[in-house]
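Open the model in your viewer and keep the selection tool at hand. This tour goes stop by stop: what to select, then what to look for.

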Amino acid sequence: MKLTEIKAIFHNGLWKQNPGLVQLLGLCPLLAISNSAVNAISLGLATTLVMTLSSGAIAPIRSYVPNEIRIPVFVLIIAVLVTVVQYLMNAYMYGLFVVLGIFIPLIVTNCIVLARAESFASKNPPLASALDGMAMGLGLTTVLTVLGGVREIIGKGTLFSGIDLALGESTKSWVIHVIPDYHGFLLAILPPGAFIGLGLLIAGKNWLNLRAEAKTRNNQSSTPIVGEAVQG
Amino acid sequence: MKRIARSTLQTAINLAFFAVIGTAILAATFSLTHDAIESTIEAEKLKLISQIVPPNQYDNDILRDVKNLPADALLGTSAPTIAYIARLKEQPAAAIIEVVAREGYSGNIRLILAIRPNGELSGVRVLAHKETPGLGDYIDIGKSDWIKGFDGKSRITWGDAQWKVKKDGGQFDSMAGATITPRAVVKEVSQTLQYFALHRDELFAPTTVSASTHVTGDSK
């Protein structure tokens, strides 16, 4: 694999086709679990692991699966991998398993996982597919974490609360009280906070895109026109 | 016609093949992690017991001093469960009972309760639940201190009619937008106290070290 290919895959996953901001797939966990940074990172990484494995597993068998039954086979593979991850977490990372609860098995129903299996892994070699799964997963994790962090700060005035459940009692002091004596803003923690936060993040990304576009166009044309970005 | 039948069969075999492989992988993972999961859950349970019955309040081998409880509607159980009996100098200190609150928002909530001989709650904790993260999960000690509201309470503190969330005219707090979860927990705790009143003497009867308890002890 060429470096440019790998770069393109990661650029796609993290920015251009970001699952959370552009494809808008997998919103169920995105909106439900992004009420704190630790929850968001944990589920994001679990999803990334599943996506890397599932895309990597689907690519090598893609030519053996008849077209008519590819979806059930993909779902089967994803479900098996999620259950394996669930067993392993239950056995060796019990704290985290308890925190994420029902959202681990729900990774199966996260459409971004099947979407990458269908649109990328079923047409590309294993390594590229695994990288694509990982890049998409990391893209989702980034959005989840930013959203989770912002909602936690606004909603509870803390950052990384609950980290001791994931990494053990000794990390309890890592919790940052961003705003001391904060009484909390429940809206940010509740589902509407997720919608509003995600809307703002998407708007922010679009604004950055428009600005970049305007810049390149201005560089191309010798006479820059003020306000052109609005039409982009 | 024959061709269609053949390709259908081939597809079915193909799908069955993947299903068999998937099942095999799951079965292997299950048997590999089963012991680890069991011992993790057991260790977690002991940690929980130490939260609801301070270790200095008993001196017996709590994991071997057990009573088998048949399934009971008051306990919300549909299969036999085990009660752990804590004793200090041979005198009963607390009965630790696992129960199931059946009316949770998303399925059963497994609870563990410690009841002192006088019918007072020594403590309550949630063992497992599937309540909505960030909403109904405040019954979990890791999320909030709500469950500590049961400490020291008994049927003498409040009559059975008072064992409800405040919204239903009872004594227990609940968070706005998530009353189903605490309602289920309060109801089950109240029922367990009623069960305890009926079965107190059986629970605290001296445990004869029988073959069956040996097996329970050894399998840990």
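**Stop 1: two crossing helices**

Select α5(A) and α7(A). How do they lie to each other? They pack at an angle of about 130°, and an angle that is neither under 35, over 145 nor from 65 to 115 degrees counts as oblique. α5(A) and α7(A) are therefore oblique to each other. Their axes are 10 Å apart. Keep in mind that this is a predicted model. Now turn the view to follow the crossing: α5(A) passes α7(A) in a right-handed one.

Show the side chains where the two helices meet. From α5(A), pick Phe74(A), Val75(A) and Ile78(A). From α7(A), pick Val113(A), Leu114(A), Ala117(A) and Glu118(A). By class, this contact has six nonpolar residues, no polar ones and one charged.

**Stop 2: the buried side of α7(A)**

Stay with α7(A) and select residues 111–121 of chain A. Which residues of this helix are buried? Colour Ile112(A), Val113(A), Arg116(A), Ala117(A), Phe120(A) and Ala121(A): these are buried. Look down the axis. The buried residues lie on the same side of α7(A), because they cover an arc of only 140° around the axis. A general point helps here: an α-helix has 3.6 residues a turn, so residues three or four places apart point the same way.

What does the buried set pack against? Add α2 (19–23), α4 (37–61), α5 (70–92) and α8 (126–156) of chain A to the view. The buried residues of α7(A) pack against these four helices.

**Stop 3: Val113(A)**

Zoom in on Val113(A), in helix α7 of chain A. Why does Val113(A) count as buried? It has 29 other C-beta atoms within 10 Å, and 20 or more make a residue buried.

Leave out residues up to four places away in sequence, and select what Val113(A) touches: Val50(A), Met51(A), Ser54(A), Ile78(A) and Ile107(A). Then draw a distance from Val113(A) to Ser54(A). The two are 59 residues apart in sequence, yet 7.8 Å apart in space, C-alpha to C-alpha.

**Stop 4: where chain A meets chain B**

Zoom out and show both chains. How many residues take part in the contact? On chain A there are 25, in contact with 20 residues of chain B. On the chain A side, α3 (27–33) and α5 each supply at least two residues. Which element gives the most? Select α5(A) again: it gives the most to this side, with twelve residues. Colour the chain A side by class, and you have 19 nonpolar, five polar and one charged residues.

**Stop 5: chain B**

Hide chain A. Chain B has three helices and five strands. Trace chain B from the N terminus, and the elements run α-β-β-β-β-β-α-α. Of its 220 residues, 29% count as buried. Take the contacts in chain B between residues at least 6 apart in sequence: 52% of them join residues at least 24 apart.

**Stop 6: a loop in chain B**

Finish with the loop between β2 (81–88) and β3 (91–104) of chain B. Select Lys89(B), which sits in this loop. Lys89(B) has a positive phi of about 50°, although it is not a glycine. Next, select Glu90(B), in the loop between β2 and β3. Glu90(B) has a positive phi of about 70°, and it is not a glycine either.

Are these residues buried or exposed? Lys89(B) counts as exposed, with 8 C-beta neighbours inside 10 Å. Glu90(B) also counts as exposed, with 8 such neighbours inside 10 Å.

Note on methods: Residues numbered from 1 in each chain as written. Chains lettered and ligands numbered in written order. Predicted model: local features only at pLDDT ≥ 70, side-chain atom pairs only at ≥ 80, totals over all residues. Buried ≥ 20, exposed ≤ 12 C-beta atoms within 10 Å, placed from the backbone. Arc of directions from axis to C-beta. Contact = placed C-beta atoms within 7 Å. Nonpolar A, V, L, I, M, F, W, Y, C, P; charged D, E, K, R; others polar. Axes fitted to C-alpha atoms, helices over the stretch in contact; angles between N-to-C directions. Left-handed = near helix turned anticlockwise from the far one by under 90°.
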